[in-house]
Amino acid sequence: MTSSLRTRSMTLLLAPGSAATDTGTVSVSVLIPVYNEEDNIAPLCGRLIPALDGLGRSFEVIFVNDGSTDGTEAELQRVASDRRIRVINFRRNVGQTAAMMAGIDHARGDVIVPMDGDLQNDPQDIAGLLAKLDEGYDVVSGWRADRQDGFLLRTLPSRMANKLISTISGVKLNDYGCTLKAYRRQMLQGYRLYGEMHRFVPIYARWQGARLTEMPVRHHPRRHGQSKYGLERVLKVVLDLVVVKFLTQYETKPIYIFGFAGLMFMGLSVLAGIYAIYLKLVDGISFILTPLPLLVTMGLVTGVMCILMGLLAELLVRIYFESQGKSHYSIKTMLNFDEPPPPDRSLRD
């Protein structure tokens, strides 16, 4: 059955008139990171290409093969006979975020639409995402309202992570984990993605002034292959969220976060010292009978170290910006100026 489905999908894919030019920009770039999705490539293309043809816009599809160890690379080579399908093969598996970043770096579209390669996202939803962009939004995030995954191991941890991310970031979305989104190209320029931070792109975009909305999208159960995610991703989300929060809100003022932590430790030291003196004078309890003197010392030392780290971070920030001619602000447009706007160098490399 898999073979017949693949043959049928290839017939759709290689229909006459499918060739496209290799140069110039296109309207829509669809980015699809894949890892060991051999059985899903041809069926996905069989659904995706007709859906994109129906948009009436120029498009490209970029598959990023994240070091697959099965027959994914061979399948991608086969479907790439359609010149609108472009393929990037990694030498080894480095993760979805790096694959997404490679696709963004090589995309030519004015609009970039990432999606999963496991057939769980529906290509027919791309038209709805683009329609939302046409309403004036800069980012449209898909929301798997009727998610077709196991509740205990997939859906419940995802809901908890979404709540946590929304609370800490201040950017309210129901489904950060849904890969299917649509971005105006300029919203993806200016920062590099590391770790597992692809899910936080809407946060970066929002903090840069993007108009963000969310729309329900269809979600299908996985039929081929296995999921590449487990419960360990919850811990990764928490740690990456700390990095995102720091880089986006304290990048140019690290002394605030280090200084605040230092003052907290020093305050704890003072309170512990006062309480130790109280116990000594009122209850006659010797300092050496309580851990309070140790707490005073550790709190004071840690507080001073945090403040000194904040000062060092401030120096590094100034070196980072000034040595590369970067600015900590970003100009959108300028009116009634003789000179054109300077290139936007506030962006993170």
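This report describes a predicted model, taking its nonpolar core, its cysteines, two backbone angles, two annotated spans and a surface patch in turn.

**Nonpolar core.** The largest nonpolar core holds 33 residues. Within this core, Val 139, Ile 165, Leu 188, Phe 200 and Ile 203 have the most contacts. Two or more residues each are given to this core by strand S2 (59-65) and by helices H4 (96-106), H6 (151-169), H7 (201-207) and H8 (232-249). H4 supplies the largest share, five residues. In soluble globular proteins, nonpolar side chains tend to be buried together.

**Cysteines.** The count of disulfides is zero. Cys 45 is buried because its relative accessibility is 1%, which is under the 20% limit for that class. Cys 178 also counts as buried, with a relative accessible area of 1%.

**Backbone angles.** Most residues other than glycine have a negative phi. Asn 36 has a positive phi, near 55°, and sits in the loop that runs between strand S1 (26-34) and helix H2 (41-53). Leu 119, which is not a glycine, has a positive phi of about 70°. The loop that holds Leu 119 lies between strand S4 (109-114) and helix H5 (126-134). Leu 119 has a relative accessibility of 7% and is therefore classed as buried.

**Annotated spans.** An unreviewed UniProt entry lists residues 255-278 and 298-321 under "transmembrane region". The table gives the computed values for these spans.

| Span | Distance between end C-alpha atoms | Helix | Strand |
|---|---|---|---|
| Residues 255-278 | 33 Å | 100% | 0% |
| Residues 298-321 | 34 Å | 100% | 0% |

**Surface patch.** A nonpolar patch of about 920 Å² lies on the surface. Its residues are Tyr 275, Ile 277, Tyr 278, Leu 281, Val 282, Phe 287, Ile 288 and Leu 289. One of these, Leu 289, is placed in the loop between helix H9 (254-283) and helix H10 (292-323). Leu 289 counts as exposed because its relative accessibility is 64%, where the class requires over 50%. The two leucines described here thus fall into opposite classes: Leu 119 is buried at 7%, whereas Leu 289 is exposed at 64%.

Notes. Residues are numbered from 1 along each chain as its sequence is written. This is a predicted model: local features need pLDDT of at least 70, side-chain atom pairs count only at pLDDT 80 or more; totals for chains, interfaces and linings use all residues. Side-chain values use heavy atoms; hydrogens and water are left out. Patches are made of residues with over 30% relative accessible area and no salt bridge: like charges are joined within 9 Å, nonpolar side chains (Val, Leu, Ile, Met, Phe, Trp, Tyr) within 5 Å. Accessible areas come from the Shrake-Rupley method with a 1.4 Å probe; for residues, only the protein chains shown count as cover. A salt bridge is a side-chain nitrogen of Lys or Arg within 4 Å of a carboxyl oxygen of Asp or Glu. Helices (H or I, at least four residues) and strands (E, at least two) are DSSP runs, numbered from the N terminus. Buried means under 20% relative accessible area, exposed over 50%, partly exposed in between (1.4 Å probe, protein chains only). UniProt positions are given in the numbering used here, feature names are shortened, and annotations may be inferred rather than shown by experiment. A disulfide is a pair of cysteine sulfur atoms within 2.5 Å. A nonpolar core is a set of buried Ala, Val, Leu, Ile, Met, Phe, Trp, Tyr and Cys residues joined through side-chain atoms within 4.5 Å.
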